[in-house]
Structures are given as structure tokens and as C-alpha cells.
Amino acid sequence: MAEKDYYNKLGVAKSATKEDIKKAYKKLAMQFHPDRAPDDKKKEYEEKFKEISEAASVLGDDKKRQQYDQFGSAAFSGGGAGGTSGSGFEGYDFSDIMSHFRSGAFGNSDDIFDHIFGGGSSGSGRSSRAHRGADLLYELEITLEDAAKNTKKNIELNKLERCSECSGKGAAKFENCHHCQGSGQMKRTQRTPFGIFQQTGPCAYCHGRGELAQDSCKTCGGEGAIRKKKKIEVTIPGGVDEGMRLRVAGEGEIGANNGPSGDLYIEISIAEHEYFTREDQNLNITVPISFSQAVLGDEIEVPTIDGKAKLKIPPYTQSETIFRMRGKGLPSVHGHDAGDQMVKVRIEVPKKLSKKQLDLIQKIDEEKPSKSFLEKIFG
Ligand SMILES: [Zn+2]
Ligand SMILES: [Zn+2]
């Protein structure tokens, strides 16, 4: 088996710190993630991704790095006198590593390194490692009235929760694992052309737990978790806008092996309103006024998102004039001042008038108080 230069693969110096190695790996792993490969290079990217992951798993682990510096990559390839006893990197689940990158879990960047660098001497094996539960997304439609103030909503989730029957352990009865005498750890001896290595890792039988279940929990079938309906009450802050996501910490799905629960995200959508439209925190509404109200002025009542309010219409108000009612818009989720309500008035032309009313209007027109539009244009 050819000697592999792990430092070269990651493009780091022999003196690189662990941080350097993580950084270099992260960069390369993103670059050569098989998902990003052009169609004709899928195989090439996958190979490269495996190579750098292998290099990182060795160089990122102090003990393995030391062995590598001393004995070279053969110490990890399992291809020596021990035959094909695939140890070292071969057992890694690449689809798992790849999906870590894919899911963006890399934002929490140490997670992936724990994942591939983990195991071995630290004593906590991959299979028994506590994992954070999945985040959940809940789409919630509310009314504009709901968005105008803090509103409590009951929502029902269908999510993985800890089995209460077995407290998440998967069984009621346990006994010490006889494979590892309850320690959860197992020594693994590896023969290589350079000598015999002893590594301690999680017991393969109890997955590092140190105990074995005597019977599977009947409620959860030994999973320790069960899908359940759960109602929770959430407070939607006044001023929320379409598409905003509210985070409810810890209300996601339960984590594996007693890992922390994920979070719940509530994505808000706001139903269309019959009268109001929204522009950020401002509300727009159009209200009709009569011709005489427009000419003479008046005080009218207009709807607001939380009741009625009075609005003064000055004399000689033109149709389509917009009045601003300060503070009558929506509150701010960020604690700023409330928005305004913008009221557009539209002069309504009556649909039917009596003969007397029509005569009066005729009289107004005969008075000709000012030049008509046509006279202004044509003189
Ligand atoms: Zn159970
Ligand atoms: Zn064991």
C-alpha cells in the first residue's frame, strides 16, 4: 500500500496546529463536496473528499497524528500483516459526513470534527455519542389583528419525544455488559508492519454504555423515543411580519442518546386582510367620503386595526388625499415606535339622486366659481 502524505493532502505544513488543520479541512471539504461536483467529475470529487476526510481524521487527532508522524499512513490503512482487518478510517460512514456538510450543520463547525475526529481514545464512541435532536419547522398563519399585538397561540406538534415508560433508555431492565465488564471500553489490538498498536475504543456490543438491555421497552420498541402529539402555547410578538421565523428553544425533536433537543421554528404567514394592506409597520386603508364632506370638511370615524378612531377631514379635500394617523399602525417587534395608519379618502359619487338634488347640483355648476379644466388648457 502506497504511503500517503496527509499533510500534503490538506495542504498544511508539518508544523500546522490543530486549528490550521480544521480550517484547511473545512475549506477543502466544502470545495470537494460530492454535491458540488460537475456531472463528469462525481467520482473524482468523491475520492478527493474521502482522501481529505481521512487525512483530517488522522491529523486532527493528537494520538493518531503522533503515530502517523512516527510510522506513516500504514499505521491506519489496516493493510499490513493484519490482512484486511479494516480499521482506522475505513469504517467511517461517508454519507453521514457528507450529509453533515449538506445540512449546513457545519455552521456549528466543531460538530463535524467531533464526528470524524471523535471515537478512539476519548472513550465516547460514535454510536453512543449524544446528538442534538432535529429542529422542527411549523408554519403558522395568523391574522393581521393577531400581528397587531402579542398573541398567544396553541399549536400541536407531532414530534419525537423521550419515552416516559423507559425514561429514554429503551428498556426497563439492564445488566452489565459482559463483553467489556461494564466499562463501556474495549482494547483493540492492531498489528502493522511497524509493530502492535493498542487502541481503546467504545465496546461494540453495548456501544460504550457499559450495560445491555434485558428486554426492549414495549412502548417505544427499544428506541427510547416515541412520536407523540404535543400541544404547546407560543406567544407571537406584536409586529411580526410575513416570513419571520420565531425560535422556541428546546421544542424540537429529542436528541439521540440523551442529547439535547433541537429547536422549534415557527414561520409566520399573515392572512390577507379585507380592508388593510401593510407596508412594514404602516397600514394603508381607503375610506369613502361624500362630496359635501370633502368640500365642507368633517370629522369622520375610520376603522383601525384595534377599533375605531376619529379623523378630521379639512374643507376642500381632494379625492385620493392621504392622511397620516401617527402611531395607529403596527407595533415593532424590535421595540421601536409603532407605525402609522395611512388613510386615503375617495370621494364617492352618488349612484342615484332625487330631482331636487340634481337641480341643486346644476345650480352649483352654473355659478362657475373658477375656470374649468378645459378653459385652463385652451384659454
Ligand atoms: Zn421506552
Ligand atoms: Zn460493553
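The legends below describe three close-up views of a predicted model.

**View 1. The zinc ion (ligand 1) and the four cysteines that coordinate it.** In this predicted model, the zinc ion (ligand 1) is held by the SG atoms of Cys163, Cys166, Cys217 and Cys220, at 2.2 to 2.3 Å. The angles among the four donor atoms run from 103 to 114°, and the site is tetrahedral. Ideal angles at a metal with four tetrahedral donors are 109.5 degrees. Read along the chain, the donors of the zinc ion (ligand 1) follow the spacing C-x2-C-x50-C-x2-C. Cys163 has a relative accessible area of 0% and is therefore buried, and Cys166, with a relative accessible area of 5%, is buried as well.

**View 2. Glu251 in the loop between two strands.** The loop that contains Glu251 lies between strand β8, residues 245-248, and strand β9, residues 264-270. Glu251 counts as buried because its relative accessible area is 17%, and buried means under 20%. Leaving aside residues up to four places away in sequence, Glu251 touches Leu136, Leu157, Lys159, Lys230, Ile232, Gly262, Asp263 and Leu264.

**View 3. A nonpolar surface patch that includes Phe378.** Four residues, Phe373, Leu374, Ile377 and Phe378, make this nonpolar patch of about 530 Å² on the surface. One of them, Phe378, lies in helix α11, which spans residues 373-378. Phe378 counts as exposed because its relative accessibility is 68%, and exposed means over 50%.

Terms used. Residues are numbered from 1 along each chain as its sequence is written. Chains are lettered from A and ligands numbered from 1 in the order in which they are written. This is a predicted model: local features need pLDDT of at least 70, side-chain atom pairs count only at pLDDT 80 or more; totals for chains, interfaces and linings use all residues. Side-chain values use heavy atoms; hydrogens and water are left out. Patches are made of residues with over 30% relative accessible area and no salt bridge: like charges are joined within 9 Å, nonpolar side chains (Val, Leu, Ile, Met, Phe, Trp, Tyr) within 5 Å. Accessible areas come from the Shrake-Rupley method with a 1.4 Å probe; for residues, only the protein chains shown count as cover. A salt bridge is a side-chain nitrogen of Lys or Arg within 4 Å of a carboxyl oxygen of Asp or Glu. Helices (H or I, at least four residues) and strands (E, at least two) are DSSP runs, numbered from the N terminus. Buried means under 20% relative accessible area, exposed over 50%, partly exposed in between (1.4 Å probe, protein chains only). Donors are N, O and S atoms within 2.8 Å of the metal (3.2 Å for Na, K and Ca); water is not among the atoms, so sites may look incomplete. Four donors count as tetrahedral if all angles lie between 85 and 135 degrees; four count as square planar and six as octahedral if opposite donors are over 155 degrees apart and all others between 65 and 115; anything else is irregular. Contact means heavy atoms within 4.5 Å.
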